[in-house]
Amino acid sequence: MAAEQTVEKLKVFISYSRRDSTAADTLVEALAAHGFEVTIDRRDLPFGEKWQAELAEFIRLSDTVVWLVSNASIQSKWVNWELDEVARRNKRLVPVMIAETARDGLPRQLGEIHILPADGVFEPSRDFDDLVRVLETDRAWLKEASRLQDRAHEWLSKTRSSALLLSRGALSDAERWKDRRPTKAPAPAPEVMDLLLASRQAATRRQRWWLGGSLSTMAGALALAGFAYLPSVEAEQ
């Protein structure tokens with residue numbers, strides 16, 4: 001009997017205003033029950049460097065960020081900082097309208113991202129299945145994006161150690177992953193692109209060294225063959 005394959009859970013981070021805690025908690029429970037790995041920061045602390053670093057790490061480790069849209073979240077400096085961090089790290093953003101809010105006053109970070117639902121306010125009984133479908137879209141590509149981003153983060157933290165560059169097979173897989181980016185998926189993060197470029201450059205250097213070594217070996221073999229041939233010619237003469 002074939003072993004059962006374990007499907008890795010999609011990691012979702014919830015960005016919200018503390019004034020919308022009830023709606024946030026309801027959504028967290030529903031997503032967790034549906035098999036998502038949900039992270040939410042329920043602390044109501046003064047915004048500082050330590051908290052900022054922790055929030056940045058929550059976002060970095062997520063596959064998707066769900067932003068709960070309301071007048072409170074639009075006015076929150078914490079939420080707007082999180083949106084900037086999402087954009088900086090090229091994470092997929094899924095905005096969910098949980099309260100009547102003027103759509104023409106939404107933050108610039110949204111760009112052309114569609115808000116769920118298309119009209120009105122999110123109602124779990126009606127719109128939750130649509131949210132799940134959106135989150136499940138491009139799951140495999142997003143999970144690989146997060147894995148490569150973790151690898152790039154480790155590579156950068158170890159001062160771009162050559163030992164952490166991608167091997168030839170892993171690099172080929174990563175380049176194919178990059179070329180297959182779905183239309184609505186965010187572009188690979190800059191640090192991932194840096195890792196791929198450095199790995200490709202290292203692979204090219206290794207190939208050149210190998211080719212140079214092969215040519216040198218071939219030249220040496222030809223030279224030896226020539227030296228061996230000359231005495232035989234002289235003997236015949």
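1. Two elements stand out at the largest pocket. Helix 4 (77-88) and strand 4 (92-97) each supply at least two residues of its lining. The biggest share, four residues, comes from strand 4. Please keep in mind that this is a predicted model.

2. Now the pocket itself. Its volume is about 690 Å³. The lining counts 25 residues. Nearest the centre of the largest pocket lie R92, L93, I113, H114 and K184.

3. Strand 4 deserves a closer look. Six of its six residues are buried, so the strand is mostly covered under the cut-off of 20% relative accessible area. R92, V94 and V96 point one way from the strand. L93, P95 and M97 point the other way. Both sets are buried. R92 and L93, which point opposite ways from strand 4, are both among the residues nearest the centre of the largest pocket.

4. What does strand 4 pair with? Its partner is strand 3, in the parallel sense, over six bridges. One residue pair to look up is L68 with V96, its bridge partner in strand 4. V96 is also one of the buried residues of that strand.

5. Strand 3 (64-69) leads into a loop before helix 3 (71-75), and S70 is found there. Is S70 buried or exposed? S70 is buried, because its relative accessible area is 2% and the cut-off for buried is under 20%. Beyond its neighbours within four places in sequence, S70 is in contact with D20, I98, A99 and T101.

6. Next, the pairing of strand 1 (residues 11-15) and strand 2 (residues 37-40). They pair in the parallel sense over four bridges. In strand 2, I40 is the bridge partner of I14. Helix 1 (residues 21-33) joins these two strands in a β-α-β unit. The unit is right-handed.

7. Enclosed space is a separate matter from the pocket. Rolling a probe the size of a water molecule over the atoms shows where empty space is left. How many cavities of 30 Å³ or more are there? The count comes to two. The largest cavity holds about 100 Å³ of space. It is lined by 16 residues, and N90, A145, S146, Q149 and P186 are the closest to its centre.

8. Which element gives the largest share of that cavity lining? Helix 6 does, with five residues. The helix covers residues 139-157, 19 residues in total. From first C-alpha to last, helix 6 reaches 27 Å, close to the 27 Å expected at 1.5 Å a residue.

9. The burial pattern of helix 6 is worth checking on screen. Its buried residues are R139, W141, L142, K143, A145, S146, L148, Q149, A152 and W155. An α-helix has 3.6 residues a turn, so residues three or four places apart point the same way. A145, S146 and Q149 are buried in helix 6, and they are also among the residues closest to the centre of the largest cavity. After the helix comes T159, with a positive phi near 50 degrees.

10. A last point on S172, found in helix 7 (residues 168-179). S172 counts as partly exposed because its relative accessibility is 24%, which lies between the 20% and 50% cut-offs. S172 and L196 are 24 residues apart in sequence. In space they are 9.5 Å apart, C-alpha to C-alpha.

Terms used:
Residues numbered from 1 in each chain as written. Predicted model: local features only at pLDDT ≥ 70, side-chain atom pairs only at ≥ 80, totals over all residues. Heavy atoms only, no water. Expected span 1.5 Å × (residues − 1). Buried < 20%, exposed > 50% of the residue type's maximum accessible area, 1.4 Å probe, protein only. Pairing = 2+ DSSP bridges. Right-handed = clockwise from strand over helix to strand, strands pointing away. Contact = heavy atoms within 4.5 Å. 1 Å grid on protein atoms, 1.4 Å probe; cavity = no way out; pocket = protein on both sides within 12 Å on 5 of 7 lines; lining within 4 Å. Points joined across faces, edges and corners; volume = space filled by probe spheres on them.
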